[in-house]
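Please walk me through this model, beginning with the ligand and its surroundings and then turning to the aromatic side chains.

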Amino acid sequence: MESLRFDLPQSEIPTHWYNVAADMPNPPLPALGADGKPATIEQMSAIFPMSILEQEMSMERWIPIPQEVREIYRLWRPAPLVRAVRLEEMLGTPARIYYKKESVSPAGSHKPNTAVAQAYYNKQAGIKRIVTETGAGQWGCSMALAGQMFGLDVRVYMVKVSYNQKPYRRSMMQTWGAEVFASPSVMTQTGRDALANDPDNLGSLGLAISEAVEEAASRADTNYALGSVLNHVALHQTIIGLEAKKQFELAGDWPDVVFAPCGGGSSFAGMAFPFVADNAAGGRNGKPVRLVAVEPTSCPSLTKGQYAYDFGDSSGFTPLMKMYTLGHDFMPPGIHAGGLRYHGACPILSQLYHEGLIEALAVPQVATFEAGVLFSRAEGVIPAPESCHAIRGAIDEALRCKETGEAKTILVNLTGHGHFDMASYDRYFAGELVDFEYPDEAIQKSLQHLPKFG
Ligand SMILES: *Cc1c(COP(=O)(O)O)cnc(C)c1O
């Protein structure tokens, strides 16, 4: 019987993360402080441990994964690489489709890959508490899990609309010992101000980030942790692509094109960056692997944003990062892929996109759920709405192969399962989901508020 799963032994869990900064044609542009000068490690050390800030700016190609972190990775890694033969048959495509199953982590997504690392480095630095925010709930769960593993207290500001809509994500965080507050909350000045302005404020990711950062900055025993966007988060996620490359060797195959969803860009970066170095050297098969970031048409940071210095949060607390952005006060509509509703994208990923080394594609919401349902019926796994974006990209590519007769090898980053997103699937089945293309004028308007630096 032909193998569908390409499982590595646990001894093959990578020993190092891969830092693409070492192989970029141009070095990464620095983050800037409020004065327009490069942000220093000292400025950021109020909320992050030194070891993480060093990784954020590192130019070393390989960064060792601490043994304590690899021991926790063993609980679910290496994540399986699966050949989607039933999906191929259903589509009638000559293409070979594979998916990397990051949904097998305890929290159900790729996010614990970095949460565990961040908890470890904070523990090492003598930190007792982590505060963070969560939108859809995936990151809060991952941080709660990781904090528990290292004996850190975790507090999560959860965007109020999700807090009300996704009670079981909150229960999961509490099961792993975290405290969860609906944001805006009365715990911070930012939250109290927002509530004074509008007692019915349902919150936003930017506001929740501001609450978490405010609290972290005000307490010496407390740090902040971010689940995407920053370069060190992308670095930790490279375990995905590094494992996938070993698994493709096992399969005797190699991807021609890779699709990953893109919110802040960490899962895309984690899958794609390990292929960027090969591409620079001409590609493993004498041709580069195409690397495609898939985003929603309702929050099109890469495909319609501007490459500019902008804040990471809506209040302007964070340093300025050069990235593709829709403007820090851009308010994405309430689409069901909550993890993709971010105005910007990881700076290194943005730079590689700007230099033409990776591609981006925007897909509308209804088509992503259609792809997710097809995938569930073929492969069994019910994908997270975020992951459905990558699946849409892959299915469209496979259908193009059907027309041209090309037997391409396609790789999908299945970033998570959708077990806590079934209300969104219900709305899709009820025909209640709509497509939303963010109007160009609205994007131009929020881009006018870009900070004038850099
Ligand atoms: C958070 C999330 C994403 C998007 O975040 P990135 O940092 O862009 O990877 C994608 N898929 C799932 C399942 C998520 O939870």
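A polar contact is a pair of N or O atoms within 3.5 Å. In this predicted model, such a contact joins the ligand to T415, where a polar side-chain atom lies 2.7 Å from a nitrogen atom of the ligand. The protein covers 98% of the 380 Å² of accessible area that the ligand has on its own. Oxygen atoms of the ligand are also engaged: one lies 2.7 Å from a polar side-chain atom of S266, and a backbone N or O atom of G265 lies 2.7 Å from an oxygen atom of the ligand. There are 16 residues around the ligand, of which K111, S228, G263, S267 and T415 come nearest, and the space that the ligand takes is the largest cavity.

We turn now to the aromatic rings. A pair of such rings is described by the distance of the centres and the angle of the planes. Rings count as paired if their centres lie within 6.5 Å, and as edge-to-face if their planes are over 60 degrees apart; by this rule the model has 18 aromatic pairs. In one of them, the rings of Y73 and W76 have centres 6.2 Å apart and planes at 70 degrees, so this pair is edge-to-face. Y73 is buried, with a relative accessible area of 0%, and W76 also counts as buried, at 8% relative accessibility. Elsewhere, F6, Y98, F248, W254 and F275 form one aromatic cluster.

Charged side chains meet aromatic rings as well. The charged end of R170 sits over the ring of Y163, 5.1 Å from its centre, while that of K322 sits over the ring of Y307, at 4.8 Å from the ring centre.

Note on methods:
Residues are numbered from 1 along each chain as its sequence is written. This is a predicted model: local features need pLDDT of at least 70, side-chain atom pairs count only at pLDDT 80 or more; totals for chains, interfaces and linings use all residues. Side-chain values use heavy atoms; hydrogens and water are left out. Rings of Phe, Tyr and Trp (its six-membered ring) pair if their centres lie within 6.5 Å; planes under 30 degrees apart count as stacked, over 60 as edge-to-face and the rest as tilted. Buried means under 20% relative accessible area, exposed over 50%, partly exposed in between (1.4 Å probe, protein chains only). A charge sits over a ring if NZ of Lys or CZ of Arg is within 6 Å of the ring centre and within 35 degrees of the ring normal. A residue is near a molecule or strand if one of its heavy atoms lies within 4 Å of it. A polar contact is a pair of N or O atoms within 3.5 Å; within protein, one must be able to donate a hydrogen and the other to accept it, and residues adjacent in sequence count only if both atoms are side-chain atoms. Accessible areas come from the Shrake-Rupley method with a 1.4 Å probe; for residues, only the protein chains shown count as cover. On a 1 Å grid over the protein atoms alone, a cavity is a set of points where a 1.4 Å probe fits but cannot get out, and a pocket is an open set with protein on both sides within 12 Å along at least five of seven lines; lining residues have an atom within 4 Å of a point. A molecule sits in a cavity or pocket if more than half of its atoms lie within 2 Å of its grid points.
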